[in-house]
Amino acid sequence: MAAPFFSTPFQPYVYQTQQDAVIPFQILGGEAQVVQIMLKPQEKVIAKPGSMCFMSGSIKMENIFIPENEVGMWQWLFGKTVTSIVLHNAGPSDGFVGIAAPSLARILPIDLAMFGGEILCQPDAFLCSVNDVKVSNTVDQRARNVMASAEGFLRQKLSGQGLAFILAGGSVIQKNLDVGEVLSVDASCIVALNTTVNVQIKHNGPMRRAVFGGDNLVTATLTGPGIVFIQSLPFQRFSQRIARAVTSPNMKENPKFFVQIAIFLFLAYVVILSSLILTDV
């Protein structure tokens, strides 16, 4: 049985490769999940550094640079890691590895063969892979889709015919778009989508919304056909809420409060200055 698009916790699955090799795996946990992958002798898993949680005694771990993964300049430029870890079963018997999500995230198994061998993901979505999976960074060349941060326009592209595990926050919803069907999504809530889905970025409202509450400023208009995975709690939004609770317990300690006060004082200064000039005249 091929791996599904995404699974529920505690339910084991078996992934069958094109060479009829069978690789069982199981996703454990509810929120900060762990994927446990069984490895036969000489089989290996490629994962992002720091994601290994546990492994059997026959597994050897090595931190290497993978040439076929186009990581180099873009990842280094935006502070991303440019290496991967290889977990290889060097023993004579079956072994296992446990790869953990780096945050409160769900792990989605993606069988690339079911997506035509290619899928686009949010930045840092890739967790680990089995068999033929190539990870590269892609930039949307259309100027209207370039947002004001590296996370906005730098996306991961997974290609090949293997099994990849990606990360998503909160609950995950799968939408199957028909030809010409349109779906509007908050840009940060997109986890992954088919390359056949057309994406257009839209900025909602004037710049003053960014100062006086900038939620849902950027939405993505998705046009089918294709499959889209949507997350209810992006890590960026989650981390911002924590930062606000820790550093801004009240209104006066909120950075936006000082910006609003500065704008108010500037407008008051303009009004007072204008009234003085008119009075002198």
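## Exercises on loops, a sheet and cysteines

**Exercise 1.** Between β3 (34-39) and β4 (44-47) runs a loop that contains Gln42. In this predicted model, find the phi angle of Gln42 and decide whether Gln42 is buried, partly exposed or exposed.

*Solution.*
1. Phi of Gln42 is near 75 degrees. This is a positive value, and the residue is not a glycine.
2. The relative accessible area of Gln42 is 55%. Exposed means over 50%, so Gln42 is exposed.

**Exercise 2.** Locate Asp124, give its phi and classify its accessibility.

*Solution.*
1. Asp124 belongs to the loop that joins β10 (118-121) to β11 (126-130).
2. Its phi is near 65 degrees, again positive in a residue other than glycine.
3. The relative accessible area of Asp124 is 34%. Buried requires under 20% and exposed over 50%, so Asp124 is partly exposed.

**Exercise 3.** Is the peptide bond from Gly224 to Pro225 cis or trans, and where does Pro225 lie?

*Solution.*
1. Omega for the bond from Gly224 to Pro225 is near 20 degrees. The bond is cis.
2. Pro225 sits in the loop between β19 (218-223) and β20 (226-231).

**Exercise 4.** Describe the open sheet that contains β4, β11 and β14: give the strand order, the edge strands and the average turn between neighbouring strands.

*Solution.*
1. The open sheet has six strands, and their order is β6-β7-β4-β11-β14-β9. The pairing is antiparallel.
2. β6 (59-64) and β9 (105-111) each pair on one side only, which makes them the edge strands.
3. On average, neighbouring strands of this sheet are turned by 20 degrees against each other, with direction ignored.

**Exercise 5.** How many bridges link β9 and β14, and which residue in β14 stands opposite Pro109?

*Solution.*
1. β14 covers residues 163-169. It pairs with β9 in the antiparallel sense over seven bridges.
2. The residue in β14 opposite Pro109 is Phe165.

**Exercise 6.** Count the disulfides in the model, then classify Cys121 and Cys189 as buried or exposed.

*Solution.*
1. A disulfide is a covalent bond between the sulfur atoms of two cysteines.
2. The test is a pair of cysteine sulfur atoms within 2.5 Å. By this rule the count is zero disulfides.
3. Cys121 has a relative accessibility of 3%, and buried means under 20%, so Cys121 counts as buried.
4. Cys189 has a relative accessibility of 8%. By the cut-off of 20%, Cys189 counts as buried too.

Note on methods
Residues numbered from 1 in each chain as written. Predicted model: local features only at pLDDT ≥ 70, side-chain atom pairs only at ≥ 80, totals over all residues. Heavy atoms only, no water. Pairing = 2+ DSSP bridges. Helix = DSSP H or I, 4+ residues; strand = E, 2+ residues; numbered from the N terminus. Axes fitted to C-alpha atoms, helices over the stretch in contact; angles between N-to-C directions. Buried < 20%, exposed > 50% of the residue type's maximum accessible area, 1.4 Å probe, protein only.
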